[in-house]
Amino acid sequence: MPSSFACPNCGSAGMEVFYRVERAPVHSVLLLDTREEALHYPSGQIHLGLCDHCGFISNVTFDGHLQEYAGRYEATQSYSPTFSAFARSMALDLIARHDLHGKSIIEIGCGQGEFLLELCELGGNSGIGFDPAYRGEPIASEARDRVQFVADLYSEKYRAYRGDFICCKMTLEHISNTFEFMSNVRQSIADNPDCVVFFQVPNAEYVLRDTAFWDVYYEHCSYFTASSLTYLFERSGFVVERTYTVYDDQYLVVEARPAVSEAGPVLPPEAHAQTRALVMHFVTEVENLRNQWKDKIEGLAAEGKQVVLWGGGSKGVAFLTTLGLHHQIQHVVDINPKKMGKFMATTGQEIVQPEFLKALQPDTVIVMNPIYCREIGAMLEEMNIKTSMLSL
């Protein structure tokens, strides 16, 4: 039913809650050293609400004070050859299309700086990255002397930093007050009409269409479709030049420039109807899909089958906690060496390296992201592991 929560994207009152998770770990990629810590990790509520005006989706119960973006926050994806190839291809495309040669680049939410360094190395650019979880690890890139990092949240105090290209990948979905944040970015650009702004977020249409409950977790308080993302950028003072999806439709990208006039946002009349239809599809299907997965895994466990999860990141945590799976799956595999010997928030499974499976010889491997099936299948074959592989 409509609530009193105002939409942080457009300011309209009354977001309609359509999906609830009452006990979700407030972080899903922190490095948790012990099973005890993981089992008792703090939880929060997820109540996803839909704005009836702009189609934006938000966790209306999100509490940003529960977040810990610091040194033990580990979301690096570059250990995957599949992801690394994607990131490099995207960097080359952006450099070519926007003539990013000898330019100044700002990245908001840069992680450990992998993408920023790639842009600077491939295009001969200089850059500055902002991220409170930046650890200052040794940098092998030849661009290291042209790049600096600020281990802090990007905010109004950094408006003085100017760039020819502003990049923000997989960060805006972590920000609850989206309009305030984007207005700050726009003010930092001031009167530079040539500045290009590039943002990448999870594609909410993909999540809703595929009933991907494993892509709903506490850190992600903001969910965008192409129309609601465009609306936000136009309302914040940008002209949107392009929106498109990448990575098998999982990510949504917007490219924009600062507007030179005061024209307000234009929301296509059919946009909200499309989003509402996707929301209704999600609501109709999600309980059935959750039950199917839980019954399948519990059935395998009852037969004495050894089941492992491949993917120790947010999808894996959301999948396990939403289904309430503990003893049915005892191990989670991840290729990130920093996660080895750590534990999954709330459900407590130990994260192991792929080589661990040689001794375990699991009956079933459940892959958390289908885009990695070929990569994982090749690793299993190389290790001579005969197993059934399922994918979300």
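A charge is said to sit over a ring if NZ of Lys or CZ of Arg is within 6 Å of the ring centre and within 35 degrees of the ring normal. The exercises below concern a predicted model.

**Exercise 1. Identify which rings carry the charged ends of arginine 235 and lysine 169, and give the distance from each ring centre.**

Solution. Begin with arginine 235, whose charged end sits over the ring of phenylalanine 179 at 3.7 Å from the ring centre. Turn then to lysine 169, whose charged end is placed over the ring of phenylalanine 115, 4.6 Å from the centre of that ring.

**Exercise 2. Classify the ring pair of phenylalanine 56 and phenylalanine 224, and locate both residues in the chain.**

Solution. The pair belongs to a count of 23 aromatic pairs. The ring centres of phenylalanine 56 and phenylalanine 224 are 5.1 Å apart and the planes meet at 50°, so the pair is tilted. As for position, phenylalanine 56 is in the loop between β2 (43-50) and β3 (57-59), while phenylalanine 224 is in the loop between β9 (222-223) and α6 (226-235), so that the pair links distant parts of the chain, 168 residues apart. Burial is the last step: phenylalanine 56 counts as buried because its relative accessibility is 0%, and phenylalanine 224 counts as buried because its relative accessibility is also 0%.

**Exercise 3. Decide whether the pair of phenylalanine 130 and tyrosine 154 is stacked, tilted or edge-to-face, and whether its members are buried or exposed.**

Solution. The centres of phenylalanine 130 and tyrosine 154 lie 5.3 Å apart with 70° between the planes; because an angle over 60 degrees counts as edge-to-face, that is the class of this pair. Phenylalanine 130 belongs to strand β5 (residues 126-130), whereas tyrosine 154 is in the loop between β6 (147-150) and β7 (165-169), and the two are 24 residues apart in a pair that links distant parts of the chain. Buried means under 20% relative accessible area, and therefore phenylalanine 130, at 1%, is buried, as is tyrosine 154, at 9%.

**Exercise 4. Trace how glutamate 37 and arginine 72 are connected, and state how exposed each residue is.**

Solution. Among the 19 salt bridges counted in the model is the one between glutamate 37 and arginine 72, in which the closest N and O atoms are 2.8 Å apart. Since glutamate 37 lies in helix α1 (residues 35-39) and arginine 72 in the loop between β3 and α2 (81-97), the salt bridge ties together parts that are 35 residues apart in sequence. Glutamate 37 is partly exposed, with a relative accessible area of 27%, and arginine 72 is likewise partly exposed, at 27%.

**Exercise 5. Describe the salt bridge between arginine 242 and glutamate 255, then find which residues a salt-bridge network joins.**

Solution. Arginine 242 and glutamate 255 form a salt bridge whose closest N and O atoms are 3.9 Å apart. Arginine 242 is in strand β10 (residues 238-246) and glutamate 255 in strand β11 (residues 251-258), so the pair ties together parts that are 13 residues apart in sequence. With a relative accessible area of 36%, arginine 242 is partly exposed, whereas glutamate 255, at 1%, is buried. For the network, salt bridges that share partners join Glu74, Arg135, Glu137 and Lys338. Within this group, the side chains of glutamate 137 and arginine 135 meet at 2.8 Å, N to O; glutamate 137 is partly exposed at 30% relative accessible area, and arginine 135 is partly exposed at 25%.

**Exercise 6. Establish what is unusual about the phi of tyrosine 247 and of aspartate 99, and place both residues in the structure.**

Solution. Most residues other than glycine have a negative phi. Tyrosine 247, although not a glycine, has a positive phi of about 55°; this tyrosine is found in the loop between β10 and β11 and, at 7% relative accessibility, counts as buried. Tyrosine 247 also takes part in a cluster in which ring pairs link it with Phe83, Phe86, Tyr251 and Tyr372. Aspartate 99, again not a glycine, has a positive phi of about 50°; its place is in the loop between α2 and β4 (104-108), and at 46% relative accessibility aspartate 99 counts as partly exposed.

Note on methods. Residues numbered from 1 in each chain as written. Predicted model: local features only at pLDDT ≥ 70, side-chain atom pairs only at ≥ 80, totals over all residues. Heavy atoms only, no water. Phe/Tyr/Trp six-rings, centres within 6.5 Å; stacked < 30°, edge-to-face > 60°. Helix = DSSP H or I, 4+ residues; strand = E, 2+ residues; numbered from the N terminus. Buried < 20%, exposed > 50% of the residue type's maximum accessible area, 1.4 Å probe, protein only. Salt bridge = Lys/Arg side-chain N within 4 Å of Asp/Glu carboxyl O.
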